[in-house]
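Hello,

Here is the structure I promised to hand over. Please open it first; my notes follow below.

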Number of protein chains: 2
Amino acid sequence: MAEIAATLSIGQVAERTGLSVHALRFYEHEGLFVNPVRRGPGGRRFYSEDDVDWLTVCVILRASGLPLPALRRYTELVREGAGNEAERLALLREHRVHVTTQLDRLARCLDLITFKIGVYEDLLDRPPAERAGGSPGQPVVGDQGAG
Amino acid sequence: MAEIAATLSIGQVAERTGLSVHALRFYEHEGLFVNPVRRGPGGRRFYSEDDVDWLTVCVILRASGLPLPALRRYTELVREGAGNEAERLALLREHRVHVTTQLDRLARCLDLITFKIGVYEDLLDRPPAERAGGSPGQPVVGDQGAG
DNA sequence: CTAGGATCTAGAGTCGGCTCTAGGTCAACC
DNA sequence: GGTTGACCTAGAGCCGACTCTAGATCCTAG
């Protein structure tokens, strides 16, 4: 547990989290940090490894569609400290429902896409002669003749 | 195959597809219809069941994240008719990659969320006395003490 | 005949989440 | 001492995909 790199510049944090330096300043402005970002000489921001860990969680929550206001709320709860775990849990559970719903919907979309891909693959596998003979007038798939 | 409801009003189509009437006009403007939308007396739009079928596909493709320009391109290919199936297939395959990537990412996000939910559930199941005694100073989970 | 509701057009506005600009400071190197 | 290059602030701009507005038209019912 050596004291390595307790202070990271905004550029370094951007590189590690995948967020842009603009986004980091924006997140700070939006109250998405648990602890106030410290400043070095000249007013430059310095971050800790804890900040990076927190941002990593934020990135994942954002990637799963948690809107900024909800993320801000969650941050506030964490900032307030122990005692509000039930509310944090509720927020996470609500979000999990969202994510699973999204996953289900996407999976159903994937089914359709895969089905249509299959239809086109079959169509392109068949030689043209065979195609001309096959059940004329019958659309291969719904979309007005084989969309 | 009786000739029922060959003509639907924009309101009816909105209801069936889940798109708003505004969105339907917008889609038309954006070239997302395979066939030109016919007009009744007074310039009112009338749609066929085929239009509804097509829109249903559009809705699914949009829901899975296909951007409008790509959807327009696909529409153009279908409009052009037979002969460009390979290009349609390529477009769909590319999109499928996108969707599966999205699914993977979401699934990984879900893992984290579920993990954090588990942590909070454990925490809230334990009686307060027990909580006070448990490995003091050790964060329960990364986020600065139990995010 | 009139009122209500659905529709029309063209174009402006909204929203979320950044992203970029302008104009400036500061430290380090050549 | 001049030039990078990373950083600063405040605020404007952008993007995608609608959504909404205004003002007009049209059909149907009472």
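**The DNA side**

H2(A) supplies the largest share of the surface near DNA strand C, 4 residues. Near means that a heavy atom of the residue lies within 4 Å of the strand. Helices are DSSP runs (H or I, at least four residues), numbered from the N terminus.

Some ground rules. This is a predicted model, where local features need pLDDT of at least 70 and side-chain atom pairs count only at pLDDT 80 or more, while totals for chains, interfaces and linings use all residues. Residues are numbered from 1 along each chain as its sequence is written, chains are lettered from A and ligands numbered from 1 in the order in which they are written, and side-chain values use heavy atoms, with hydrogens and water left out.

Back to the strand. 18 residues surround DNA strand C, and the closest are Tyr27(A), Arg62(A), Arg25(B), Arg44(B) and Arg45(B). Of the strand's atoms that come within 4 Å of the protein, 68% belong to sugar and phosphate. By class, the residues of this surface are 7 nonpolar, 5 polar and 6 charged. Here Ala, Val, Leu, Ile, Met, Phe, Trp, Tyr, Cys and Pro count as nonpolar, Asp, Glu, Lys and Arg as charged, and the others, Gly among them, as polar.

Phosphate oxygens of DNA strand C have these partners:
- Ser20(A), through a polar side-chain atom at 3.4 Å
- Leu68(A), through a polar backbone atom at 3.2 Å
- Ser9(B), through a side-chain N or O atom at 3.0 Å

**The two chains**

A turn of 180° and a shift of 0.0 Å along the axis lay chain B on chain A with an RMSD of 0.0 Å. The fit is by least squares on the C-alpha atoms of residues with pLDDT of at least 70 in both. That is the relation of a two-fold axis. In chain B, Leu103(B) has the C-alpha nearest the axis, 3.2 Å away.

In the interface, 42 residues of chain B are in contact (heavy atoms within 4.5 Å) with 42 residues of chain A. The buried area is about 4,000 Å², 74% of it on carbon and sulfur atoms. This is the accessible area (1.4 Å probe) lost on putting the two parts together, summed over both.

The interface holds 2 salt bridges (a side-chain nitrogen of Lys or Arg within 4 Å of a carboxyl oxygen of Asp or Glu). One of them joins Glu121(A) and Arg93(B), at 2.6 Å from N to O. On the side of chain B that touches chain A, helices H3 (49-63), H4 (68-80) and H5 (85-125) each give two or more residues. H5(B) gives the largest share, 26 residues.

Best wishes

Definitions and conventions: Polar contact = N/O pair within 3.5 Å; in protein donor to acceptor, adjacent residues only side chain to side chain.
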